[in-house]
Amino acid sequence: MIRNPKDLQRYTAHERANHWVVGICFILLGLSGLAFFHPAFFPLAQLFGGGVWARILHPFIGVLMTLSFLGMFFRFKSLNTMTPADKEWLARVGEMVNGDDHNMPEQGKYNGGQKAMFWVMAASVALLFVSGILLWRAYFNFPVDAVRLGAVVHAAVAAAMIGFIMVHVYAAIWVKGTIRAMWYGTVTRAWAKQHHRGWYRQMTGK
Amino acid sequence: MALQSLDIARRSATTTPPPGVRQTTEVAKLIDVSACIGCKACQVACMEWNDIRDEVGSCSGVYDNPVDLTAKSWTVMRYAEVEEKGKLEWLIRKDGCMHCADPGCLKACPAPGAIIQYANGIVDFHQENCIGCGYCVTGCPFNVPRISKEDNKAYKCSLCSDRVAVGQAPACAKVCPTGAIQFGSKEQMKDYADKRLVDLKSRGYDKAGLYDPQGVGGTHVMYVLHHADRPELYSGLPDNPSISPLVGLWKGFAKPLATVAMAAVALGSLFHYVTKGPNEVSKELEDELEKEDAK
């Protein structure tokens with residue numbers, strides 16, 4: 001693809017690198033975590049050198065994801081404040097999913113769905129970190145009832161987060177011209193005008 | 001392959017049935033607390049037979065030594081001083097794995113084959129398959145499994161499965177000088193307990209009874225207690241133990257359900273793409289911008 005100098009810069013190199021660190025950690029955590037989630041997934045532990053290695057590595061990768069997610073959280077927090085337009089967008093998300101986005105309310109850099117995803121991810125990472133520490137027996141020893149609760153919370157939040165991330169990734173695949181924003185940071189002006197008109201006007205002054 | 005005389009009834013993190021054509025007799029160990037003199041021969045026999053030596057601890061001021069179960073001490077005597085009807089009673093309980101019929105450790109374990117329940121009722125840890133996550137600790141209602149700080153594997157009493165496999169009694173039962181530890185079929189042990197209870201009741205222990213808690217489906221280590229109505233007197237033996245409902249929630253129906261939900265999201269996305277098509281940037285917008293550029 002020839003890059004047009006008139007393309008709009010959506011993400012800086014630092015933002016992209018940060019996102020990829022979180023993303024790689026998430027994939028590794030998902031694969032190793034699922035191995036303990038249900039026997040059907042236990043063979044995934046082989047990707048990490050067996051069950052013991054999966055058990056050893058998973059929490060360290062979790063800490064790395066939490067730290068790198070914190071970086072993303074503070075980078076993007078102020079851009080993800082919910083507005084009444086976002087709520088209207090969310091209320092009408094059915095039209096969008098159905099393939100007709102012409103009547104959707106005008107959106108800034110992020111639409112209501114992306115903002116909701118941001119806050120769901122932030123809450124999930126926080127819950128996974130706290131419950132994960134409760135489960136980290138190699139270094140911590142908490143009362144057994146706290147560990148039991150931690151195990152339920154960790155498994156439930158992780159399963160939900162895997163679902164949300166699948167939606168996140170699919171949305172990027174579905175909306176053509178999006179994934180390049182995470183590869184090299186730019187999007188076309190037409191993409192921006194169609195999906196984030198408020199941001200387009202802000203960037204181009206039109 | 002497990003020892004042939006010890007057929008497998010259940011295997012951790014395994015969703016298909018184990019080989020089950022042969023039925024074997026359920027065994028049990030009966031610990032008659034009323035006959036125990038607290039000599040600790042069972043602790044010694046346990047470390048001798050299993051060939052493990054715990055670090056020498058320090059005296060905590062009471063007879064309990066080691067003070068708790070460890071990865072290297074699979075059974076410990078717990079000494080409780082209780083006043084009953086104006087008299088001091090020294091209630092000495094040999095603590096260790098109860099070998100539940102419905103083992104919480106096995107239910108919680110995510111590693112296939114790390115915890116095995118034999119058809120004779122013995123629940124055994126196979127450390128070579130253990131990944132060291134400690135979930136067995138959360139599953140156990142008796143606080144028995146211990147994770148070794150040296151190798152991160154879980155350890156507990158095996159009811160001397162290696163001895164039982166060749167027709168021997170567990171080492172602790174073999175060595176007990178007062179006959180407070182009996183071993184045989186579960187039925188035999190219940191009969192033996194009945195006789196002991198008749199004796200205890202005739203001596204004024206009206207509430208004497210057999211501890212075989214049904215909340216975990218019964219156990220393959222049972223106690224004869226003088227105060228069966230208050231098991232907590234015996235260094236906190238749980239009154240009505242059962243697997244924590246949190247473990248049931250975590251390991252029960254929720255996970256297959258969540259697995260189906262995750263698969264549904266993945267498949268739903270695929271079929272959304274296939275049926276609705278991609279969300280492309282509209283041609284009009286692209287043309288409009290091209291015209292602007294041409295100006």
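The exercises below concern a predicted model and its two chains, A and B.

Residues are numbered from 1 along each chain as its sequence is written, and chains are lettered from A in the order in which they are written. Because the model is predicted, local features need pLDDT of at least 70 and side-chain atom pairs count only at pLDDT 80 or more, while totals for chains, interfaces and linings use all residues.

**Exercise 1.** Describe the side of chain A that touches chain B.

*Solution.* Begin with the contacts (C-beta atoms, placed from the backbone, within 7 Å): 36 residues of chain A meet 39 residues of chain B. Next, find the helices (DSSP runs of H or I, at least four residues, numbered from the N terminus). At least two residues each come from α1 (13–37), α2 (51–76), α6 (144–174) and α8 (189–195) of chain A. The largest share, 14 residues, belongs to α6(A). Finally, sort this side of chain A by residue type: 22 are nonpolar (Ala, Val, Leu, Ile, Met, Phe, Trp, Tyr, Cys and Pro), seven are charged (Asp, Glu, Lys and Arg) and seven are polar (the others, Gly among them).

**Exercise 2.** Determine how α1(A) and α2(A) are oriented to each other.

*Solution.* Take the axes (lines fitted to C-alpha atoms over the stretch in contact, with angles from 0 to 180 degrees between N-to-C directions). Those of α1(A) and α2(A) come within 8 Å and cross at roughly 150°. The two helices are therefore roughly antiparallel (over 145 degrees). Their contact comprises 14 nonpolar, nine polar and two charged residues.

**Exercise 3.** State how far apart the C-alpha centres of the domains of chain B lie.

*Solution.* The domain assignment (automatic or from a database) gives domain 1 (8–240) and domain 2 (253–294). Their C-alpha centres are 57 Å apart.

How values were computed. Angles under 35 degrees count as roughly parallel, over 145 as roughly antiparallel, 65 to 115 as roughly perpendicular and the rest as oblique.
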